[in-house]
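Here is a short, friendly tour of one protein model. Keep the sequence and the coordinates open side by side as you read.

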Amino acid sequence: MTRIGPFLVAPDGRLQPHEPALRPVVRYGWRGHPCAAELTDQELRLVSVVGRVPSTADRGRDRGAVVRALVGLRGRMPAGVELRVLPDHRVVLRRQARRPDGAIQLVAEMTRFALAMDPALDELAAVGA
């Protein structure tokens, strides 16, 4: 077995947690945004902070443009990708997927999620989120 981050990878690519009592999470970045891939017993959870809604105290930032962009994005996100605004104004994308069988499937799901983020990152950057 080879250790990669929080996982042990078998010669056939199958994953198992290195520390079974801990929650295995792979943290990575895409275009400067933090991402995480968490494996549970049943699924893979992917999450990324993709922006922030400006506070009303942020002078010179167009809060309305960001909110309008978020409303428009909600209807255009790929199937299974959820866009949320957290109470602290962070904009988060989430996706749940079938638990991958191995390391190659894990990296493939992480890549699919990153590519699904691109349109949201472009649009949010354009309005200053």
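## Confidence, a helix and a core

In this predicted model, confidence is lowest in strand β3 (residues 15-17), with a mean pLDDT of 80, and highest in β8, at 95. pLDDT is the predictor's confidence in each residue, on a scale from 0 to 100. Across the protein the mean is 88, and 97% of residues reach 70 or more. Residues are numbered from 1 along each chain as its sequence is written, and side-chain values use heavy atoms, leaving out hydrogens and water. Because the model is predicted, local features need pLDDT of at least 70 and side-chain atom pairs count only at 80 or more, while totals for chains, interfaces and linings use all residues.

Helices (H or I, at least four residues) and strands (E, at least two) are DSSP runs, numbered from the N terminus. Helix α1 has 12 residues, 63-74; at 1.5 Å a residue it should span 16 Å, and its end C-alpha atoms, 17 Å apart, agree with that. The expected span is 1.5 Å times one less than the number of residues.

Which residues of α1 are buried (under 20% relative accessible area, 1.4 Å probe, protein chains only; exposed is over 50%, partly exposed in between)? They are A65, V66, A69, L70 and L73. These residues lie on the same side of α1 because they cover an arc of only 135° around the axis, taken from the directions from the helix axis to the C-beta atoms. R68, V71 and R74, on the other side, are exposed. Among the elements covering the buried residues are β6, β7, β8 and α2, where contact means heavy atoms within 4.5 Å.

Two side chains make polar contacts (N or O atoms within 3.5 Å, one able to donate a hydrogen and the other to accept it; residues adjacent in sequence count only if both atoms are side-chain atoms):

| Side chain | Backbone nitrogen | Distance |
|---|---|---|
| D62, capping the N-terminal end of α1 | G64 | 3.3 Å |
| T40 | Q42 | 3.2 Å |

T40 sits in the loop between β5 (33-39) and β6 (43-52). It counts as buried because its relative accessibility is 12%. Leaving aside residues up to four places away in sequence, T40 touches R45 and R99.

The largest nonpolar core (buried Ala, Val, Leu, Ile, Met, Phe, Trp, Tyr and Cys residues joined through side-chain atoms within 4.5 Å) has 29 residues, with A37, L93 and L106 making the most contacts inside it. Its largest share, 8 residues, comes from α2. Beyond four places in sequence, L106 touches F7, L15, V26, A37, L44 and P100.
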